[in-house]
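Reader: I should be grateful for a close look at a single part of this model, namely the strands and what packs around them. Please set the description within the fold as a whole.

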Amino acid sequence: MANNKKDVVDDGLEEIYIPRSGTGEEEQLVIGINGVNTVIPKGIRVRVKPEVAEEVRRSQAAKDLMYRRKEEMIRQAQENSK
């Protein structure tokens with residue numbers, strides 16, 4: 001019987017996934033660290049160096065925080081206009 005499990009490779013890389021973009025947005029994400037650019041296609045799982053994965057997570061966290069603050073400001077403006 002064939003083993004359908006993928007072998008786990010300890011190559012020091014981390015798997016990340018970036019969802020596909022909407023219309024008019026880039027189809028890949030470029031991460032530059034210390035003069036080395038990494039192009040990450042959106043919509044597929046890729047394996048990258050840990051520092052690249054960390055930067056993707058940091059960037060997403062910053063974007064999430066920005067949207068939360070924006071939503072809070074809109075909510076406050078709506079409450080103040082009543």
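Author: Two residues are said here to be in contact when heavy atoms of theirs lie within 4.5 Å of each other. With that in hand, T38 offers a good place to begin. The model is a predicted one. T38 belongs to strand 3, and, once neighbours within four places in sequence are set aside, T38 touches L29, V30, I31, V48 and V52. Another distance describes its surroundings: the C-alpha atoms of T38 and K49 are 9.3 Å apart, with their positions 11 residues apart in sequence.

The wider fold gives these contacts their setting. The protein has one helix and four strands, and their order along the sequence is β-β-β-β-α. Among contacts between residues at least 6 apart in sequence, 49% link residues at least 24 apart. Of the 82 residues, 13% are buried. The exposed area of the protein is about 7,300 Å², of which carbon and sulfur atoms supply 49%.

Strand 3, residues 36-41, pairs with strand 2, residues 28-33, in the antiparallel sense over six bridges. One point of reference in this pairing is V30, whose bridge partner in strand 3 is V39. V30 is also among the contacts of T38. The two strands form a hairpin with two residues between them. N34 sits in the loop that joins strand 2 to strand 3. The phi of N34 is near 50°, a positive value in a residue other than glycine. N34 counts as exposed because its relative accessible area is 78%, where the cut-off for that class is over 50%.

The other pairing brings together strand 1, residues 14-17, and strand 4, in the antiparallel sense and over four bridges. Here Y17 has R45 as its bridge partner in strand 4. In a regular strand, side chains alternate between the two faces of the sheet. Strand 4, residues 45-48, shows such an alternation: V46 and V48 are buried and point to one face, whereas R45 and R47 point to the other and are not buried. V48, one of the buried pair, is also one of the residues that T38 contacts.

The helix can be related to the strands through two of its residues. R57 is in helix 1, and its C-alpha atom lies 9.2 Å from that of I16, 41 residues away along the chain. Apart from neighbours within four places in sequence, R57 is in contact with E14 and P50. R57 is classed as partly exposed because its relative accessible area is 41%. S59 also lies in helix 1. Between the C-alpha atoms of S59 and I31 the separation is 9.9 Å, across 28 residues of chain. S59 is likewise partly exposed, with a relative accessible area of 32%.

S59 leads on to the largest pocket, since S59 and L29 are among the residues that line it, together with others including Y17, I18, P19 and R20. L29 has already appeared as a contact of T38, and Y17 as the bridge partner of R45. The largest pocket encloses about 280 Å³ of space. Helix 1, residues 50-80, gives the largest share of the lining, four residues. By class, the lining contains five nonpolar, four charged and three polar residues.

To draw these points together, the strands form two antiparallel pairings, strand 2 with strand 3 and strand 1 with strand 4. T38 in strand 3 reaches V48 and V52 as well as L29, V30 and I31.

Key:
Residues numbered from 1 in each chain as written. Predicted model: local features only at pLDDT ≥ 70, side-chain atom pairs only at ≥ 80, totals over all residues. Heavy atoms only, no water. 1 Å grid on protein atoms, 1.4 Å probe; cavity = no way out; pocket = protein on both sides within 12 Å on 5 of 7 lines; lining within 4 Å. Points joined across faces, edges and corners; volume = space filled by probe spheres on them. Nonpolar A, V, L, I, M, F, W, Y, C, P; charged D, E, K, R; others polar. Buried < 20%, exposed > 50% of the residue type's maximum accessible area, 1.4 Å probe, protein only. Pairing = 2+ DSSP bridges. Areas by Shrake-Rupley, 256 points an atom, 1.4 Å probe, with all protein chains shown as cover.
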